[in-house]
Amino acid sequence: MRRFLKSLSNLRQVRQIARSAQRIGRTNADANAPIRRNTIDRPAIRSIYSWRATPQAQHALSARRNALTRNMGVNANVVPRTVISPHHQVSFDNKKVYIPWDEGVTSSYHNIWLRDSCQCASCFHPITKQRLVDTFTIPTSVHPESVEALDAALKITWKNDGHESFYPWDWLHLHSYQPVLEKHLSFRRVLWSRDDVQDNPPVVECSSVMSSDAGVAELTSKIKLYGFCFVDDVPVNPDDTEKLINRISFPRQTHYGGFWDFTSDLAANDTAYTDLALGLHTDGTYFTEPPGLQVLHLLLHNGSGGESVLADGFKAARILREEAPEHYKTLSRIRIPAHSAGNKDVCIRPASTSPILNHDEATGELIQVRWNNDDRSTMDRWEGGDPDVDVIRFYEAIRKWHEIVTRRETEYWFKLRPGRTLIFDNWRVMHGRSAFDGERRLCGAYINMDDFESRMRLTNLGREVVLKYL
């Protein structure tokens, strides 16, 4: 079959072979329907049209994929495959525009969506990256006067007003929704237990972070990958710690302040400001949006105890789902009220309650663990469920959750020391400490998750790649 196809020299014969291989009896009217994968000898077809990426282009794409995968654990599909099929044509009708890709599928885009998504400078501000087009003046029946496949983009001239729109091929491929061709930016996570990080935790050098964005990229990528990272050789003073924090983003202001410098003196009426042991928890369950990152730097400890502990909440959630899926569902459904009310001038409660395990509504992916049993308010609303069932299920589920997160193999214990700063993802990694005595002084701050994500994406992927996903 391959030899036969390679001997063909015209488009009509290739199309006939393709139709026969797929057994779909395609007519002119439905010529834009997707070609099914793995039914055509694509290398042979490419050779007929002498299409081939240059070695330099292949090397550049490969290097970019490898760098992204190595540095970020980012999905390699971030580099689009945007080759137009050499044996089909871009077409349109009164509802949609159809683009056949070389990988064997055809994307269809609604005309009104394309017009609303025009990327020209009069419709999308080239500096602010904000929409300028007036969506509400676009006729619902808008459709092209003509479409033209240029080397770098699709050109559409619109019939209603003659406006010309240009859509880069990689942008069209990236934002294809019928069908979806590429995963949006997804970042690999390494779920860990104690033995995975005990002897080789993620670490970066402070000098690297302070001197270059490449150092910031290494730091933020490790936080994204593992949920935490140490920064070594940080000067043991608050000023330099704050400078390190600002290399990621500005501190988040709360009722504890922005940048903290504190001891166990109950300056704030919270158990964090005591010498008591703290069980594994995430901070800020009483905020509508809990803090994204937490930064802690031990400046001084003249005493004993005070060991720190971390646990990967996403790993614990996976174990819960495998061992007790009914409890996983319970902790993903039942919403838990929380509060911060120790100080006389503060009584904070979230605008809406949340479950312990929070998922992306679009993808179903776990995106946040929200667990602090000490800050849990009285639960007297079961939100349409049956209290006779839900109360028992809830206590059974949190008992199982507590058992998993306090297993010896789950808890990573270590001693904070001056000069080594800890930064962790408060939406994923739970933290705690043992009781201690003596004087113990720490400094640190919270950083909003959105600000961390922005810095992480830009330093690791570059602005050009990030903007393509807007």
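**Reasoning about contacts, burial and helix packing**

User: Leaving out residues up to four places away in sequence, S193 touches K315 and E409. What makes this a touch between residues?

Analyst: In this predicted model, two residues are in contact if heavy atoms of theirs lie within 4.5 Å. S193 meets that condition with K315 and with E409.

User: Why is S193 called buried?

Analyst: The relative accessible area of S193 is 16%. Buried means under 20%, and S193 therefore counts as buried. The residue is located in the loop between α6 (169-174) and α7 (194-197).

User: What makes the link between the side chains of S193 and K315 a polar contact?

Analyst: The separation given for these two side chains is 2.9 Å. A polar contact requires a pair of N or O atoms within 3.5 Å, one able to donate a hydrogen and the other to accept it, and the side chains of S193 and K315 form such a contact.

User: Which residues show that this loop comes together in space with parts of the chain far along the sequence?

Analyst: S193 and A316 are separated by 123 residues in sequence, yet their C-alpha atoms are 8.9 Å apart. L191, also in the loop between α6 and α7, is 124 residues from K315 in sequence and 5.2 Å from it in space, C-alpha to C-alpha. Beyond its neighbours within four places, L191 is in contact with several residues, including D312, F314, K315 and R428. Across the chain, 71% of the contacts between residues at least 6 apart in sequence join residues at least 24 apart.

User: Why is R420 buried rather than exposed?

Analyst: R420 has a relative accessible area of 17%. The limit for buried is under 20%, so R420 is buried. R420 belongs to the loop between β15 (412-414) and β16 (421-425). Its side chain makes a polar contact with the side chain of D232 at 2.7 Å. Apart from neighbours within four places in sequence, R420 is in contact with V203, F230, V231, D232 and H297.

User: Why are α9 and α14 called oblique?

Analyst: Two packed helices are described by the angle between their axes and the distance between the axes. Helix α9 (residues 213-226) and helix α14 (residues 449-461) pack at about 120°, and their axes are 8 Å apart. Roughly perpendicular covers 65 to 115 degrees and roughly antiparallel begins over 145. The angle of about 120° falls in neither range, and α9 and α14 are therefore oblique. The crossing of α9 past α14 is left-handed.

User: What residues make up the contact of α9 with α14, by class?

Analyst: Residues of α9 that take part include V216, A217 and I223, and they meet residues of α14 including F452, R455 and M456. By class, the contact has 5 nonpolar, 4 polar and 4 charged residues.

User: What makes α11 oblique to α12?

Analyst: The axes of helix α11 (residues 313-323) and helix α12 (residues 325-333) cross at roughly 130° and come within 5 Å. An angle of roughly 130° is neither within 65 to 115 degrees nor over 145, so α11 is oblique to α12. A317, L320, R321, E322 and E323 of α11 make the contact with P325, H327, Y328 and L331 of α12. These residues divide into 5 nonpolar, 1 polar and 3 charged.

User: Why is α12 called roughly perpendicular to α13?

Analyst: Helix α13 (residues 387-405) packs with α12 at an angle of about 110°, the axes being 9 Å apart. Angles of 65 to 115 degrees count as roughly perpendicular, so α12 is roughly perpendicular to α13. H327, T330, L331 and R333 in α12 meet residues in α13, among them F394, A397, I398 and W401. This contact of α12 with α13 has 5 nonpolar, 2 polar and 5 charged residues.

User: Why does K129 count as partly exposed, and why does D233 count as exposed?

Analyst: The relative accessibility of K129 is 29%, and that of D233 is 59%. Exposed means over 50% and buried under 20%, with partly exposed in between. K129 therefore counts as partly exposed, and D233 as exposed. Most residues other than glycine have a negative phi. K129 has a positive phi of about 60°, and D233 also has a positive phi of about 60°.

Technical notes: Residues are numbered from 1 along each chain as its sequence is written. This is a predicted model: local features need pLDDT of at least 70, side-chain atom pairs count only at pLDDT 80 or more; totals for chains, interfaces and linings use all residues. Side-chain values use heavy atoms; hydrogens and water are left out. Axes are lines fitted to C-alpha atoms, for helices over the stretch in contact, and angles run from 0 to 180 degrees between N-to-C directions. Helices (H or I, at least four residues) and strands (E, at least two) are DSSP runs, numbered from the N terminus. Angles under 35 degrees count as roughly parallel, over 145 as roughly antiparallel, 65 to 115 as roughly perpendicular and the rest as oblique. A crossing is left-handed if the near helix is turned anticlockwise from the far one by less than a right angle, and right-handed if clockwise. Ala, Val, Leu, Ile, Met, Phe, Trp, Tyr, Cys and Pro count as nonpolar, Asp, Glu, Lys and Arg as charged, and the others, Gly among them, as polar. Buried means under 20% relative accessible area, exposed over 50%, partly exposed in between (1.4 Å probe, protein chains only).
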